[in-house]
Amino acid sequence: MSDHVPTAPATKPGHPAMQGRPTAQVAFHTLAKPIGPICNLDCHYCFYLHKENFFPKGENFRMSPEVLEAFVQQYIAGQDVPQIDFAWQGGEPTLLGVDFFKHAVALQKKYVPAGKTITNAFQTNGVLLDDAWCAFFKEHDFLIGLSLDGPKALHDKYRVYKDGRSSFDDVMRARALLRKHGVRVNVLCCINRANETHGREVYRFLRDTAGFDFMQFIPIVEKSDFERVAPRVQDPLGQPERADPLLMVTPWTVRSENYGRFLNAVFDEWVRHDVGTVFVQQFEVTLGSVMGMPAAICVFSKHCGRALAIEHDGGFFSCDHFVYDEYKLGNILDQTMRQMVKSDMQSKFGLDKFDTLPRYCRQCEFLELCYGECPKNRFIRTPDGEKGLNYLCSGLKTYFGHVTPVLATLARGLRAGKPAAFIMEVLRDATTAAPAHPSSSKTAPTLKPVRRHAPCPCGSGKKFKKCCGSS
């Protein structure tokens with residue numbers, strides 16, 4: 001199941017993403033889909049399963065040895081950076097068997113030049129993992145992304161087998177196996193219509209029951225016509241102007257406001273109890289942006305275009321959410337990946353992320369934290385009728401407005417050399433005390449934004465607007 005992430009799934013923060021306009025130096029990331037869209041689950045919200053219809057009947061959805069070697073060789077040769085990060089996804093890549101990836105690792109060793117290092121990330125639903133897989137992952141230090149949407153009832157709403165059976169127990173078994181073998185693992189949790197109002201419950205389950213300390217929360221957003229119409233391409237059937245956004249999306253798509261509320265519920269729990277011990281990708285990225293750093297993932301970067309996708313047959317695409325004919329750059333058996341990354345077509349794709357923003361976004365107070373989020377989600381209109389507003393806009397504003405005052409305080413403390421955990425002490429002093437134990441059934445009070453003229457919660461004695469609020 002390709003649960004998408006616009007950068008590599010389950011990567012560490014700081015993964016290469018295009019920061020600013022293209023330069024002479026080339027560094028790009030590619031999601032490899034060596035099994036194409038083939039999967040052993042039938043996740044209702046998967047945006048990739050239908051890609052099977054784009055290929056001839058009887059297609060062998062298995063990357064051939066020729067394509068695999070060309071991919072590994074070109075991907076390594078095309079990078080001007082010392083660390084080359086491979087990311088394997090699908091479909092479900094474990095369907096290829098462990099020997100396929102043993103061969104991939106051997107090819108990496110064959111082609112990597114002296115002075116460069118290789119890393120591997122691997123996104124999986126986990127249901128086929130066994131001791132052999134986990135031993136392989138451990139031996140070669142793979143970073144595993146495991147898909148899990150929360151407790152059983154929430155996870156099984158959409159993540160099921162082809163016959164409708166639950167996948168939850170098999171995923172939890174995989175989690176235990178990965179822990180047993182000491183494999184590095186992150187969780188990828190999709191925020192959807194089923195779990196969108198259960199943010200704190202989902203977070204506590206992932207932290208306390210599943211034992212994850214690095215989490216990615218991915219919003220599920222799909223237009224109702226996504227199987228036949230590419231993003232940014234006009235639907236030939238047309239959409240009514242200013243249509244109710246919920247009438248334009250699939251039934252499993254997260255509601256925008258609930259996306260923001262989900263993240264805020266997670267943030268309120270995390271910032272009180274887990275700063276420095278649990279890492280949530282969205283919060284790490286927003287904190288970096290508050291501190292003036294370029295966003296570490298493409299969805300919040302000013303430009304994109306350096307996170308591409310390769311299909312099993314060598315087809316190379318602008319992004320894994322844009323695997324449509326309109327965004328196919330070519331095939332690696334006909335031209336090199338580096339040539340296609342540097343093409344005018346791909347450069348325009350990346351620059352359009354900022355250049356096509358509506359005026360409403362350019363005037364937004366959160367522009368530099370968001371930059372319009374992912375272009376594939378920009379299909380609604382602004383309040384004054386301009387096209388190109390992100391479906392998640394209201395939720396993103398809810399999120400940024402809630403977390404930035406606290407993250408500004410955290411940023412100031414980090415600049416002063418304080419450990420990140422100091423923010424938990426600040427909040428204990430500045431707000432009503434949280435429950436004594438994070439698993440308490442009581443509801444923790446919601447963090448309230450700091451007013452600009454109020455005393456800064458960092459304890460400096462200055463007004464917030466003159467202190468952390470100036471960040």
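**Entry 1: a pair at residues 163 and 165**

I began with aspartate 163, which is exposed at a relative accessible area of 54%, and I note at the outset that the model I am reading is a predicted one. Its partner, arginine 165, is partly exposed, with a relative accessible area of 46%. I looked up how the two side chains stand to each other and found that aspartate 163 and arginine 165 meet in a salt bridge, at 2.8 Å from N to O. Side chains of opposite charge can pair when their charged atoms come close.

**Entry 2: the protein as a whole**

Before going further I took down the overall figures. The protein holds 14 helices and 12 strands, and 59% of its 471 residues count as buried. I also looked up how far apart in sequence the contacting residues lie: of the contacts between residues at least 6 apart, 74% join residues at least 24 apart.

**Entry 3: salt bridges between separate loops**

How many salt bridges does the count come to? I get 17. I then picked out the salt bridge in which the side chains of aspartate 320 and lysine 33 meet, at 3.8 Å from N to O. This pair links distant parts of the chain, 287 residues apart, since aspartate 320 sits in the loop between β9 (315-317) and β10 (328-331) and lysine 33 in the loop between β1 (29-32) and α1 (65-77). Are aspartate 320 and lysine 33 buried or exposed? Both aspartate 320 and lysine 33 are buried.

Next I looked up lysine 376 and glutamate 222, whose side chains meet in a salt bridge at 3.6 Å, N to O. Lysine 376 belongs to the loop between α12 (367-370) and β11 (380-381) and glutamate 222 to the loop between β6 (214-219) and α7 (256-273), so this pair ties together parts that are 154 residues apart in sequence. Lysine 376 has a relative accessible area of 12% and is therefore buried, and glutamate 222, with 9%, is buried because its value also falls under 20%. I then noted a network in which Arg204, Arg207, Asp208, Glu269 and Asp274 are joined by salt bridges that share partners.

**Entry 4: helix α6**

Two members of that network, Arg204 and Arg207, turned up again when I listed the buried residues of α6, which are Gly199, Arg200, Val202, Tyr203, Arg204, Phe205, Leu206 and Arg207. Because eight of the 11 residues of helix α6 (residues 199-209) are buried, I describe this helix as largely enclosed by the rest of the structure. I asked which elements cover the buried residues of α6. The cover includes α4 (152-155), α5 (168-180), β5 (184-191), β6, α7 and β7 (279-280). Past the helix, I noted that α6 is followed by glycine 211, whose phi is positive, near 75°.

**Entry 5: leucine 148**

I placed leucine 148 in the loop between β4 (143-147) and α4; this leucine counts as buried because its relative accessibility is 0%. Leaving aside residues up to four places away in sequence, leucine 148 touches His155, Phe168, Val171, Met172, Val187, Leu188, Cys189, Phe205, Leu206, Ala210 and Phe212. Of these I looked up valine 187 separately, and found that leucine 148 and valine 187, though 39 residues apart in sequence, are 6.6 Å apart in space, C-alpha to C-alpha.

**Entry 6: two helix crossings**

Two packed helices are described by the angle between their axes and the distance between the axes. For helix α8 (residues 281-290) and helix α13 (residues 393-415), I found axes that come within 9 Å and cross at roughly 65°. I therefore record α8 and α13 as roughly perpendicular to each other, and their crossing as right-handed. On the α8 side the contact is made by Gln282, Phe283, Thr286, Leu287 and Val290, and on the α13 side by Tyr399, Phe400, Val403, Thr404, Leu407, Ala408, Leu410, Ala411, Leu414 and Arg415. Sorted by kind, the residues of this contact are 11 nonpolar, three polar and one charged.

The second crossing I looked up is that of α7 with helix α14 (residues 422-430), whose axes come within 7 Å and cross at roughly 105°. α7 and α14 are therefore roughly perpendicular to each other. Here α7 contributes Val271, Arg272 and His273 to the contact, while α14 contributes Ile423, Met424, Leu427 and Arg428. I count the residues of the contact of α7 with α14 as four nonpolar, one polar and two charged.

Methods: Residues are numbered from 1 along each chain as its sequence is written. This is a predicted model: local features need pLDDT of at least 70, side-chain atom pairs count only at pLDDT 80 or more; totals for chains, interfaces and linings use all residues. Side-chain values use heavy atoms; hydrogens and water are left out. Axes are lines fitted to C-alpha atoms, for helices over the stretch in contact, and angles run from 0 to 180 degrees between N-to-C directions. Helices (H or I, at least four residues) and strands (E, at least two) are DSSP runs, numbered from the N terminus. Angles under 35 degrees count as roughly parallel, over 145 as roughly antiparallel, 65 to 115 as roughly perpendicular and the rest as oblique. A crossing is left-handed if the near helix is turned anticlockwise from the far one by less than a right angle, and right-handed if clockwise. Contact means heavy atoms within 4.5 Å. Ala, Val, Leu, Ile, Met, Phe, Trp, Tyr, Cys and Pro count as nonpolar, Asp, Glu, Lys and Arg as charged, and the others, Gly among them, as polar. A salt bridge is a side-chain nitrogen of Lys or Arg within 4 Å of a carboxyl oxygen of Asp or Glu. Buried means under 20% relative accessible area, exposed over 50%, partly exposed in between (1.4 Å probe, protein chains only).
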